[in-house]
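Please walk through this protein model from its first helix to its last strand, with attention to which side chains are covered and which are not.

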Amino acid sequence: MKKRNKFFIALSVIALTLGVFVIVQSIYGNGLFSNNTCYDGSTINGVNVSGLTVDEASNIVTADLLSKRDKVSLELKYKDKVWRWTGADFEPNNEVQEIVRESFEKSREGNIFERRARIKQTRLEGKDYSI
């Protein structure tokens, strides 16, 4: 009977430890992964979007693209004809929000351990997404 009691005690301790571990992981994991903002260290086209939602990041990236278009100048020559365009002739891609959303969702793929590693790596090294 003593061996049997020790076995059940050991089994109970293991089950209790595992149960506490699962509860803590659930609470910690939900708090860590339910966040609907970009991870710290995230940039899109060099624009820091850490802590921003998809909509906020889309607006900032679009504004950055609009400010950069003023520097665009294009001249096309063919024989005796010349065509000139400036940044005002161009608009940023209207799919900016969709591209930002895709990068946001891609960063959240994988299991809990892969996501934790990705969060840590992004904080330490940064991650730049390009449009």
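The paragraphs below take up the helices, the loops and the salt bridges in turn.

The model is a predicted one. Helix α1 covers residues 2-33, and Phe7 lies in it. Phe7 counts as exposed because its relative accessibility is 52%, a value above the cut-off of 50% for that class. Phe7, Phe8 and Leu11 make a nonpolar surface patch of about 310 Å². Phe7 can also be set against Arg69, which is 62 residues away along the chain: the C-alpha atoms of these two residues are separated by 72 Å.

After α1 comes the loop between α1 and β1, where Thr37 is found. Thr37 has a relative accessible area of 17% and is therefore buried, since the buried class takes values under 20%. What does Thr37 touch, once residues up to four places away in sequence are not counted? Its contacts are Gly51, Leu52, Thr53, Phe104 and Arg108. Of these, Phe104 is one of the buried residues of α3.

Asp40 is in the loop between α1 and β1 as well. Its side chain meets that of Arg123 in a salt bridge, with an N to O distance of 3.8 Å. The pair links distant parts of the chain, as Arg123 belongs to helix α4 (residues 112-125) and the two residues are 83 residues apart. Asp40 counts as partly exposed because its relative accessibility is 42%. Arg123 has a relative accessible area of 52% and is therefore exposed.

Thr122 is also found in helix α4. Is Thr122 buried or exposed? With a relative accessible area of 6%, Thr122 is buried. Leaving aside neighbours within four places in sequence, the residues in contact with Thr122 are Tyr39, Asp40, Gly41, Ser42 and Lys127. Asp40 thus appears in two roles, as a contact of Thr122 and as the salt-bridge partner of Arg123.

The next element to consider is helix α2, residues 54-69. Its 16 residues reach 22 Å from the first C-alpha to the last, close to the 22 Å expected at 1.5 Å a residue. The buried residues here are Val54, Ala57, Ser58, Val61 and Asp64. They lie on the same side of α2, because the arc they cover around the axis is only 130°. Which elements do the buried residues of α2 pack against? They pack against strands β1 (42-44) and β2 (47-48) and against helix α3 (96-106).

Helix α3 can be read in the same way. Val96, Val100, Ser103 and Phe104 are its buried residues. These cover an arc of only 105° around the axis, so they too are on the same side of their helix. The buried residues of α3 pack against β1, α2 and β5 (127-129). Strand β1 is therefore listed for the buried residues of α2 as well as for those of α3.

The structure holds 4 salt bridges. Besides the pair of Asp40 and Arg123, there is a network of salt bridges that links Glu75, Lys77 and Arg84. Glu75 takes part in a salt bridge with Lys77, where the closest N and O atoms are 3.5 Å apart. Glu75 also meets Arg84 in a salt bridge, at 2.8 Å from N to O. Glu75 counts as partly exposed because its relative accessibility is 40%. Lys77, at 58% relative accessibility, counts as exposed. Arg84 is exposed too, with a relative accessible area of 61%.

Two residues remain, and their backbone angles are the point of interest. Most residues other than glycine have a negative phi. Asn45 is not a glycine, yet it has a positive phi of about 55°. Asn45 is placed in the loop between β1 and β2. Lys79 likewise has a positive phi, near 55°, in a residue other than glycine. The place of Lys79 is in the loop between β3 (73-78) and β4 (81-86). With a relative accessible area of 72%, Lys79 is exposed.

Technical notes:
Residues are numbered from 1 along each chain as its sequence is written. This is a predicted model: local features need pLDDT of at least 70, side-chain atom pairs count only at pLDDT 80 or more; totals for chains, interfaces and linings use all residues. Side-chain values use heavy atoms; hydrogens and water are left out. Patches are made of residues with over 30% relative accessible area and no salt bridge: like charges are joined within 9 Å, nonpolar side chains (Val, Leu, Ile, Met, Phe, Trp, Tyr) within 5 Å. Accessible areas come from the Shrake-Rupley method with a 1.4 Å probe; for residues, only the protein chains shown count as cover. Helices (H or I, at least four residues) and strands (E, at least two) are DSSP runs, numbered from the N terminus. Buried means under 20% relative accessible area, exposed over 50%, partly exposed in between (1.4 Å probe, protein chains only). The expected span of a helix is 1.5 Å times one less than its number of residues. The arc is that of the directions from the helix axis to the C-beta atoms. Contact means heavy atoms within 4.5 Å.
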